[in-house]
Amino acid sequence: MAEPTSGGDGSAAVAQIQAAYQRIREQMSQVIVGQEHVIDQLLIALFSRGHCILEGVPGLAKTLMISTLSRCLSMSFSRIQFTPDLMPADITGTEVLEENRSTGKREFRFLEGPLFYNVVLADEINRTPPKTQAALLEAMQERQVTVGRVRHQLSDPFFVLATQNPIEQEGTYALPEAQQDRFMFKVNVDYPNFRDEFSIAKQTTALQTDSIQPVLSSEEIIALQKVVREVPASDHVIEYALALVRQTRVGEEGVPDFVTDWLSWGAGPRAVQYLLLGGKARALLNDRSYVATEDIAALAKPVLRHRIVTNFSAESDGITPDRVIDRLLEETPSKEGALTSDPRFQKIFAA
């Protein structure tokens, strides 16, 4: 693949991202059947420099999807199986006392843990206690780990792709809101449709061979991430993203009644950042060199569903975060000028 360019021709940036996208999709289709929206969101996060958490019942190829994606990238990969006895040092690394053969003195040496890879699969992340979950916080946000008094920089690029099972919750530790906020997307992995499941049954019960080839190197991914950030977003698109997020904040001016009735907590500024970054990557994947409100709306659920907290009343009525987001999208005008002329949104923007 040609070295990505930045700061120049918008059509060239679109072509570069799309070429990478199509080649990765072709490689992954050798192993993964269907789940196009999940793969798209993984790639949007990849190009946006974000982390993902995949949630779905067992057997939906969540782990296989992530490991296959890592095979399409010329980057180091590690898998951490989260268990109740996993300790923070098991993932960050630890210092060991060794004898220096040349001097005869004993010295501490740092042994790197599995976080010191480009792509980290955190499998069944809700199976380990909060102490170990919290060890990911610094790594995901600051891309470094602190062991003792020493800070160790992580590899670049660095992605944490986590999985969790929503069914069996005995002996699990729900991921704290602060750590969920570190993930760009929370992606729901659903059952395949009939045709896809037919293909899965046919492929996986016969002899299988695949020849997955690496598509992108670390340097190319970093360059493409810079290209994504250079995609322009108009003030109207930014206002639309802000309108969606600020409407989730209970008690603020202009917040709709259903939000007050259904939510106990809303999304923070990081949600706006990820909506815009994801929108820029999605625009390039959809053959556009600019962000549209449709890009923001398409990513509202994976960005917001783990950043809003439904209250007891909503849960007792079966109201899910996705339903709240659907209602927000229905009641938020996307046409330019409609937001600033609406009295309710004038209150939101003046707050």
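**Backbone exceptions and enclosed space in a predicted model**

Let me begin with a pair of strands: S4, covering residues 93-99, and S5, covering residues 106-112, run antiparallel to each other and are joined over seven bridges. Please keep in mind throughout that what we are looking at is a predicted model. Within this pairing, glutamate 95 sits across from phenylalanine 110 of S5. Six residues separate the two strands of the hairpin, and glycine 104 in that hairpin has a positive phi, near 80 degrees.

That brings me to the backbone. As general background, most residues other than glycine have a negative phi, and most peptide bonds are trans. Which residues, then, depart from this here? Arginine 49 is one of them, since it is not a glycine and yet has a positive phi of about 65 degrees; its place is the loop that leads from helix H2 (36-48) to strand S1 (52-55). With a relative accessibility of 32%, arginine 49 falls in the partly exposed class, because that class lies between 20% and 50%. Glutamate 124 likewise carries a positive phi, near 55 degrees, without being a glycine, and it belongs to the loop between strand S6 (119-123) and helix H5 (130-142). Glutamate 124 also counts as partly exposed, because its relative accessibility is 22%.

Where the peptide bonds are concerned, the one from aspartate 156 to proline 157 is cis, with omega near 5 degrees, and proline 157 lies in the loop connecting strand S8 (150-153) with strand S9 (159-164).

Let me turn to the enclosed space. How many cavities of 30 Å³ or more does a search of the whole structure find? The search returns two. The largest cavity holds about 50 Å³ of space, and its lining includes Leu42, Ala45 and Leu46, together with Ile66, Leu69, Phe159 and Leu161. Helix H2, helix H3 (62-71) and strand S9 each contribute at least two residues to that lining, so we meet again the helix that comes before the loop of arginine 49 and the strand that follows the loop of proline 157. By residue class, the lining of the largest cavity has nine nonpolar residues, two polar ones and no charged ones.

The second largest cavity contains about 40 Å³ and is lined by Arg246, Arg249, Glu252, Glu253, Ile348 and Ala351. Here the division is two nonpolar, no polar and four charged residues, whereas the lining of the largest cavity has no charged residue.

Key
Residues are numbered from 1 along each chain as its sequence is written. This is a predicted model: local features need pLDDT of at least 70, side-chain atom pairs count only at pLDDT 80 or more; totals for chains, interfaces and linings use all residues. Side-chain values use heavy atoms; hydrogens and water are left out. Helices (H or I, at least four residues) and strands (E, at least two) are DSSP runs, numbered from the N terminus. Buried means under 20% relative accessible area, exposed over 50%, partly exposed in between (1.4 Å probe, protein chains only). Two strands pair if DSSP finds at least two bridges between them. On a 1 Å grid over the protein atoms alone, a cavity is a set of points where a 1.4 Å probe fits but cannot get out, and a pocket is an open set with protein on both sides within 12 Å along at least five of seven lines; lining residues have an atom within 4 Å of a point. Grid points are joined across faces, edges and corners, and a volume is the space filled by probe spheres set on the points. Ala, Val, Leu, Ile, Met, Phe, Trp, Tyr, Cys and Pro count as nonpolar, Asp, Glu, Lys and Arg as charged, and the others, Gly among them, as polar.
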